[in-house]
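Reader: I am new to this structure and would like a close look at a single part of it, the largest pocket. Please set that part in the context of the chain as a whole.

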Amino acid sequence: MQSYGVVWREDALPTASGKLELRPSALRFEGAAGGRPTTREVAYESLAVVRVGRAASDRVDGRPSLVLERRTGLPVTIASVGQSGVVAELAERLAGLQLGADARRRTAFVLPLVEGAFERARALLEAGPPFDPVETALDRHEVFLTPREVVFVFESRLGLNALEPLLSDSALWLSAAAWHDVLAGPPRLAEDVYSWSRPRSNGSTPR
């Protein structure tokens with residue numbers, strides 16, 4: 001996990017100093033302001049604009065800075081501590097992470113059903129997943145059922161990495177045993193070959 005020594009300011013609030021970490025879904029600030037400890041997290045998906053500060057009012061203690069304008073909340077201005085080129089590096093990395101926040105990766109598994117197993121498969125699915133989606137790294141989970149197959153769709157910014165904790169969960173494997181007499185073969189990983197979404201008026205895409 002990349003971290004940087006920075007100073008930052010939220011609008012007219014006191015300037016803070018400490019470190020900035022680029023986490024999977026958010027920036028995390030940790031340091032002190034006015035002699036008091038402070039932490040702050042800013043989700044990439046909450047960012048409306050990431051820009052290099054040009055005006056004097058954009059700078060922190062006169063240093064080159066990066067301005068994060070959020071869809072809601074105060075803007076955050078960041079400057080580096082003794083590291084040249086950090087502002088440009090952060091601008092580039094945040095632009096990519098911001099795009100990634102709206103481009104969640106989907107993974108689909110297709111499982112063939114034995115003939116006449118539609119109702120049994122429906123009953124298993126209606127019981128819900130053998131895990132709590134809220135406690136996972138998933139952003140979305142859907143299941144589609146046809147008379148011949150069931151399709152599990154997992155969506156997460158982490159891609160297949162989000163499934164690793166699930167696959168190591170014993171409860172999931174116990175549930176899989178219940179499908180033994182329903183499935184006609186092993187699961188197949190579906191390839192994501194096309195995707196389209198209508199842009200929102202502010203330029204972001206719907207989830």
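Author: A residue counts as buried when its relative accessible area is under 20%. By that cut-off, 30% of the 207 residues of the chain are buried in this predicted model. The chain is made up of four helices and 11 strands. Among contacts with a separation of 6 or more, 52% join residues that are 24 or more positions apart.

Now the pocket. Rolling a probe the size of a water molecule over the atoms shows where empty space is left. In this model the largest pocket holds about 740 Å³ of space. Its lining has 26 residues, and those closest to the centre are Leu111, Phe152, Phe154, Leu172 and Ala176. Several elements give two or more residues each to this lining: the strands β8 (105-112), β9 (140-145) and β10 (149-156), and the helices α2, α3 (164-167) and α4 (170-178). Helix α4 supplies the largest share, with five residues. By type, the lining of the largest pocket consists of 22 nonpolar residues and four polar ones, with no charged residue.

How far the model can be trusted is a separate matter. The mean pLDDT of the chain is 81, and 86% of the residues reach 70 or more. Helix α2 (residues 118-126), one of the elements that line the pocket, has the highest mean pLDDT among the elements of the chain, at 95, while helix α1 (residues 86-102) has the lowest, at 68. Over residues 202-207 the pLDDT falls below 50, although this stretch has 15 contacts in the model beyond near neighbours in sequence. Where pLDDT is low, the predicted coordinates should not be read in detail.

Two other parts give some context. Strands β3 (residues 26-33) and β4 (residues 36-43) pair in the antiparallel sense over eight bridges. Alanine 32 stands opposite proline 37 in β4. Two residues lie between the strands of this hairpin, and glycine 34 takes a positive phi near 60° there.

The other part is serine 80, in strand β7 (residues 76-80). Serine 80 has a relative accessible area of 14%, so it counts as buried. Leaving aside residues up to four places away in sequence, serine 80 touches Gly5, Val6, Arg63, Pro64, Val86 and Val87.

Notes
Residues numbered from 1 in each chain as written. Predicted model: local features only at pLDDT ≥ 70, side-chain atom pairs only at ≥ 80, totals over all residues. Heavy atoms only, no water. pLDDT = per-residue confidence, 0-100. Contact = heavy atoms within 4.5 Å. 1 Å grid on protein atoms, 1.4 Å probe; cavity = no way out; pocket = protein on both sides within 12 Å on 5 of 7 lines; lining within 4 Å. Points joined across faces, edges and corners; volume = space filled by probe spheres on them. Nonpolar A, V, L, I, M, F, W, Y, C, P; charged D, E, K, R; others polar. Buried < 20%, exposed > 50% of the residue type's maximum accessible area, 1.4 Å probe, protein only. Pairing = 2+ DSSP bridges.
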